[in-house]
Amino acid sequence: MLHGKHALVTGAARGIGAAIARTLAAEGATLTLLGRNEASLQALARELPGQHGIVVADIADPGQVDAAFARARDERGTVHILVNNAGQAESAPLVRTSLELWQRMLAVNLTGTFLCSQAVLPHMLAAGGGRIVNIASTAAQKGYAYVSAYVAAKHGVLGLTRSLALEVARKGITVNAVCPGYTDTDILRDSVANVVARTGRSEREALAEFAAGNPQARIVQPQEVADAVRWLCGDGAASVTGQAISVSGGEVM
Ligand code: NAP
């Protein structure tokens, strides 16, 4: 149970982030929901049991991250649990990957995780404990064609996870990555639409192709990712740090 814990979830309004927010709230945590869209964050905050807050920020912008975390701390105290979930996935063959696309993928997926972790760390150290959970991807554990920038950024998230886990191992703070395979959210829906537009395949065929990469031959559900996060946030996972937990039907082993 997470009563008395303040959990901040980035990218909380939709998809995996919303499932994590619902799950941590059901465990009794007080939440700060971070995202770029105020209306959708408010709608989720109203739906959750308990009293929760929102902060609007682009995680790739250092000034916005600083202001958002200062506000979260002022309103609900030290963040005990940080879930770095916000992310974006754009695809392109490497020869057509512009420097802008490359930098966008690194900025949101990797630098955003760095900035948010740095914003909570001094306060977790002062409090003598905390949990950081980074929603990476199987793209942190293996390569995929046509998404080099995203895959490079997610591999970076895993490197950051492992290094920071060692740095704070004696401070009561654990740092782990959860690595979903293809999961039923807008990111996957956009990728399916992209394949349909590029290849002329039907939506069903495109989705089946994504599911075929999973040995269980199915798409992961956001709740399955949230359940792994819930476990990592609990007292029972105190010895688990620096890990990459693959939630992918065995796609990575
Ligand atoms: P999603 O439904 O598209 O949600 C992404 C969330 O991230 C949204 O809430 C979005 O908020 C937020 N976000 C994006 N850029 C942001 C920024 N610059 N600043 C603040 N918030 C930002 O995608 P999802 O599938 O739930 O993805 C969640 C995480 O899981 C990502 O890190 C993704 O890489 C990872 N993942 C997804 C899959 C998959 O197949 N779905 C697989 C492996 C890993 P706004 O409302 O502001 O747009």
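**Figure 1. Polar contacts of the ligand in the predicted model.** In this predicted model, an oxygen atom of the ligand lies 2.6 Å from a polar side-chain atom of Tyr150. The backbone also takes part: a polar backbone atom of Gly11 is 3.1 Å from an oxygen atom of the ligand, and a backbone N or O atom of Ile59 is 3.0 Å from a ligand nitrogen atom. On its own the ligand has 880 Å² of accessible area, of which the protein covers 95%.

**Figure 2. The shell of residues around the ligand.** The ligand is surrounded by 27 residues, and Arg36, Asn85, Tyr150, Thr183 and Thr185 are the closest. Sorted by class, the shell comprises 12 nonpolar, 10 polar and 5 charged residues. Helices α1 (15-26), α5 (148-167) and α6 (186-199) each contribute at least two residues to this shell. Both domain 1 (6-181 + 221-247) and domain 2 (185-219) provide at least three shell residues each.

**Figure 3. Burial of strand β5.** Strand β5 spans residues 130-135, and 6 of its 6 residues are buried. In a regular strand, side chains alternate between the two faces of the sheet. In β5, Gly130, Ile132 and Asn134 point one way, while Arg131, Val133 and Ile135 point the other way. The residues on both sides are buried, Arg131 and Asn134 among them.

**Figure 4. Pairing of strands β4 and β5.** Strand β4 (residues 81-84) pairs with β5 in the parallel sense, over 4 bridges. Within this pairing, Asn84 stands opposite Asn134 of β5. Asn134 points from β5 the same way as Gly130 and Ile132.

How values were computed
Residues are numbered from 1 along each chain as its sequence is written. This is a predicted model: local features need pLDDT of at least 70, side-chain atom pairs count only at pLDDT 80 or more; totals for chains, interfaces and linings use all residues. Side-chain values use heavy atoms; hydrogens and water are left out. A residue is near a molecule or strand if one of its heavy atoms lies within 4 Å of it. A polar contact is a pair of N or O atoms within 3.5 Å; within protein, one must be able to donate a hydrogen and the other to accept it, and residues adjacent in sequence count only if both atoms are side-chain atoms. Accessible areas come from the Shrake-Rupley method with a 1.4 Å probe; for residues, only the protein chains shown count as cover. Ala, Val, Leu, Ile, Met, Phe, Trp, Tyr, Cys and Pro count as nonpolar, Asp, Glu, Lys and Arg as charged, and the others, Gly among them, as polar. Domain bounds come from an automatic or database domain assignment. Buried means under 20% relative accessible area, exposed over 50%, partly exposed in between (1.4 Å probe, protein chains only). Two strands pair if DSSP finds at least two bridges between them.
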